[in-house]
Amino acid sequence: MSTHYKVNYRDVEPEEVAGTEGGVTIRWLLHKDIGVPHFEMRLFEFPVGAKMYPHRHSWEHEIYTLEGQGRITVGEEPINVQPGDALYVAPDIIHGYENTGTSVWKFICVIPKRD
C-alpha cells in the first residue's frame with residue numbers, strides 16, 4: 001500500500017448485509033484488499049425500520065453515527081444514538097442494531113483487520 005488511499009463512499013458499491021431485515025447495506029471503505037495494516041472502515045446504511053439481529057464477534061467495534069437515529073443493543077442494554085455519537089462495543093458481546101428514526105441511519109463502523 002502507498003502512503004495513502006482516498007475513496008468517496010459514493011464510489012463504493014453497497015452490499016446487502018446478511019442477518020438483517022429492511023435493506024441494510026454495507027460499503028467497505030478501507031479494507032484488507034487495499035492493504036490497510038490494522039483496521040477496516042465500513043459505512044452502514046439502515047433504511048427506516050431496518051434492523052440487524054443480535055450477534056457476536058471475537059473483535060471490537062467502534063461506531064460513529066453520521067446521520068439519522070438508531071438503537072444499538074449491547075448485551076441487554078439498549079443505547080440510543082444520534083449524529084455525533086460514538087460507541088465502543090467490546091469483543092464477544094452480543095449486539096444488535098435498529099433504525100429508530102424517520103430517515104436513513106448512516107454510521108461508520110471500524111473493526112480490526114480481518115485475516
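If you skip its neighbours within four places in sequence, Gly 75 is in contact with Ile 93 and Ile 94. Keep in mind that this is a predicted model.

So where does Gly 75 live? It sits in the loop that runs between strand S7 (70–74) and strand S8 (77–81). Its relative accessibility is 33%, so Gly 75 counts as partly exposed, since that class lies between under 20% for buried and over 50% for exposed. Now look across to Trp 105: from Gly 75 to Trp 105 is 30 residues in sequence, and 21 Å in space from C-alpha to C-alpha.

The two strands on either side of that loop are partners. S7 and S8 pair in the antiparallel sense, over 5 bridges, and Thr 73 is found opposite Pro 78 in S8. They belong to an open sheet of 5 strands with antiparallel pairing, in the order S2-S5-S10-S7-S8. Strand S2 (20–21) and S8 are at the edges with a single partner strand each, so one side of each has no neighbour in the sheet.

Next, the largest pocket, which has a volume of about 260 Å³. It is lined by 18 residues, and the closest to its centre are Val 17, Arg 42, Phe 44, Met 52 and His 57. Here is the lining by class:

| Class in the lining of the largest pocket | Count |
|---|---|
| Nonpolar | 11 residues |
| Polar | 4 residues |
| Charged | 3 residues |

Strand S3 (25–30), strand S4 (39–46), strand S5 (51–55) and strand S11 (105–112) each supply at least two residues of this lining. S5 gives the most, with 3 residues.

Terms used:
Residues are numbered from 1 along each chain as its sequence is written. This is a predicted model: local features need pLDDT of at least 70, side-chain atom pairs count only at pLDDT 80 or more; totals for chains, interfaces and linings use all residues. Side-chain values use heavy atoms; hydrogens and water are left out. On a 1 Å grid over the protein atoms alone, a cavity is a set of points where a 1.4 Å probe fits but cannot get out, and a pocket is an open set with protein on both sides within 12 Å along at least five of seven lines; lining residues have an atom within 4 Å of a point. Grid points are joined across faces, edges and corners, and a volume is the space filled by probe spheres set on the points. Helices (H or I, at least four residues) and strands (E, at least two) are DSSP runs, numbered from the N terminus. Ala, Val, Leu, Ile, Met, Phe, Trp, Tyr, Cys and Pro count as nonpolar, Asp, Glu, Lys and Arg as charged, and the others, Gly among them, as polar. Buried means under 20% relative accessible area, exposed over 50%, partly exposed in between (1.4 Å probe, protein chains only). Contact means heavy atoms within 4.5 Å. Two strands pair if DSSP finds at least two bridges between them.
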